[in-house]
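Me: I've just opened this one and I'm new to it. Could you walk me through the inside of it, starting with a residue in the core?

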Amino acid sequence: MSSSPKTIGIVGARGHTGVELIRLLARHPSFELAFVSSRERAGERVHDHVVDHVGDLRYENLDHDDVASKRVDAVILALPNGKASPFVKAIDAVRPDTVIVDLSADHRFDERWYYGLPELTRGQSAGNKRISNPGCYATAMQLAIAPLKDDLAAPPACFGVSGYSGAGTTPSDRNDPQRLLDNLMPYSLVGHVHEAEVSRQLGIPVEFMPHVAPHFRGITMTVNAWLQHATTRDEIVARYQTFYANEPLIRIVDDAPWVSAVAGKHHVDIGGFALAAGGRRVVIVATLDNLLKGAATQALQNVNRAFGFDEREGIVQP
């Protein structure tokens with residue numbers, strides 16, 4: 001493996017996740033940020049918007065052919081759903097060995113792409129240069145459910161609450177702080193794309209009800225699960241501790257975690273483990289930062305693995 005830095009570019013760099021990616025890559029010892037594409041900020045210095053990045057690199061307004069012509073080692077697509085395909089096709093035509101990480105939902109149902117939730121799918125990552133980053137809600141759901149997946153008696157019901165940064169930067173009711181003030185906004189209560197995503201990845205039906213809250217960042221995922229056989233709380237906690245024993249970005253905590261404790265951090269907290277009378281109904285709570293472990297941190301885990309680096313290289317807990 002060459003000791004020279006790998007070059008990497010970001011498309012969709014103005015969004016909340018794009019900013020977090022720039023911050024992470026600015027500290028990474030093995031990557032060099034070669035370009036950042038943003039139509040709205042074209043010509044402006046990256047440092048003027050993301051102080052972590054030192055240097056004179058400027059935003060560019062790049063279409064798919066422009067991005068392909070850059071011939072970098074990796075491209076991270078931080079674009080809205082439905083926008084990734086032209087960039088993938090253009091890169092495939094010019095340099096098919098380029099690593100592509102797609103943060104949208106566009107390739108999460110494509111068998112040709114590796115679904116990159118390392119804590120659960122790491123064994124499938126070898127040699128994959130097309131990586132689909134899981135959704136933020138979907139990450140929280142899967143990590144909360146996976147240790148109990150084989151013992152479920154019914155589809156788990158997942159009540160998710162996200163900060164409004166999850167709705168992106170395009171103005172809408174779901175990212176308007178004034179509209180959200182003193183509110184909890186339910187939306188897409190059946191058929192959400194993350195419901196299908198998690199059901200597909202876990203191989204079981206999952207029910208998901210998303211909501212947006214007035215805080216900026218962070219997800220709380222409360223999962224109600226019915227088990228086939230009665231158990232004890234101690235047995236459930238021990239199962240989670242064993243399942244995630246070697247995962248430094250997952251913490252098993254006793255109480256139901258608060259989202260404020262993970263805001264701006266790279267890890268996931270899983271706790272609560274409330275067991276109903278009879279021992280067959282358990283409620284688990286998972287929290288994570290939707291912009292980090294739900295997006296940028298996970299993308300960096302995936303691109304690190306793609307180049308044979310330590311999975312956590314460049315991921316420093318605040």
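Me: Which residues does I270 touch, leaving out those up to four places away in sequence?
Reply: In this predicted model, I270 touches L143, A144, Y240, Y244, I250, R251, I252, V253, I284, V285 and A286, when residues up to four places away in sequence are not counted.

Me: And how many residues are in the largest nonpolar core?
Reply: The largest nonpolar core has 41 residues, and those with the most contacts inside it are M141, I145, C158, M221, Y240, I270 and I284. At least two residues of this core come from each of α5 (136-145), α7 (193-202), β10 (207-212), β11 (219-226), α8 (233-243), β13 (268-275) and β14 (281-288). The largest share, eight residues, is supplied by α5.

Me: What about the second core, who's in there?
Reply: That core is separate and has 31 residues, including A13, L21, I131 and L300.

Me: Switching to empty space: what is the volume of the second largest pocket?
Reply: The second largest pocket has a volume of about 320 Å³. It is lined by 17 residues, of which Y115, T121, Q124, R200 and Q201 are the closest to its centre.

Me: Which elements give two or more residues to that lining?
Reply: Those elements are β6 (114-115), α4 (118-121) and α7, and α7 gives the most, with three residues. By class, the lining of this second largest pocket divides into seven nonpolar, five polar and five charged residues.

Me: How many cavities of 30 Å³ or more are there?
Reply: The count comes to one cavity of 30 Å³ or more, and about 40 Å³ of space lies in the largest cavity. The residues that line this largest cavity are V67, A68, R71, V72, V75, I91, V94, R95 and T98. At least two of the lining residues are supplied by each of α2 (64-69) and α3 (85-94), and the lining has six nonpolar, one polar and two charged residues.

Me: Zooming out, how many helices and strands does the protein have?
Reply: The protein has nine helices and 14 strands. Its radius of gyration is 20 Å, close to the 20 Å that the globule rule gives for 318 residues, so the protein is as compact as a globular protein of that length. Along the principal axes, its C-alpha atoms fill a box of roughly 60 × 45 × 35 Å.

Me: What percentage of the residues are buried?
Reply: Buried residues make up 53% of the 318 residues. As for contacts between residues at least 6 apart in sequence, 69% of them join residues at least 24 apart.

Terms used
Residues are numbered from 1 along each chain as its sequence is written. This is a predicted model: local features need pLDDT of at least 70, side-chain atom pairs count only at pLDDT 80 or more; totals for chains, interfaces and linings use all residues. Side-chain values use heavy atoms; hydrogens and water are left out. A nonpolar core is a set of buried Ala, Val, Leu, Ile, Met, Phe, Trp, Tyr and Cys residues joined through side-chain atoms within 4.5 Å. Buried means under 20% relative accessible area, exposed over 50%, partly exposed in between (1.4 Å probe, protein chains only). Helices (H or I, at least four residues) and strands (E, at least two) are DSSP runs, numbered from the N terminus. Contact means heavy atoms within 4.5 Å. On a 1 Å grid over the protein atoms alone, a cavity is a set of points where a 1.4 Å probe fits but cannot get out, and a pocket is an open set with protein on both sides within 12 Å along at least five of seven lines; lining residues have an atom within 4 Å of a point. Grid points are joined across faces, edges and corners, and a volume is the space filled by probe spheres set on the points. Ala, Val, Leu, Ile, Met, Phe, Trp, Tyr, Cys and Pro count as nonpolar, Asp, Glu, Lys and Arg as charged, and the others, Gly among them, as polar. The radius of gyration is taken over C-alpha atoms; the globule rule is 2.2 Å times the number of residues to the power 0.38.
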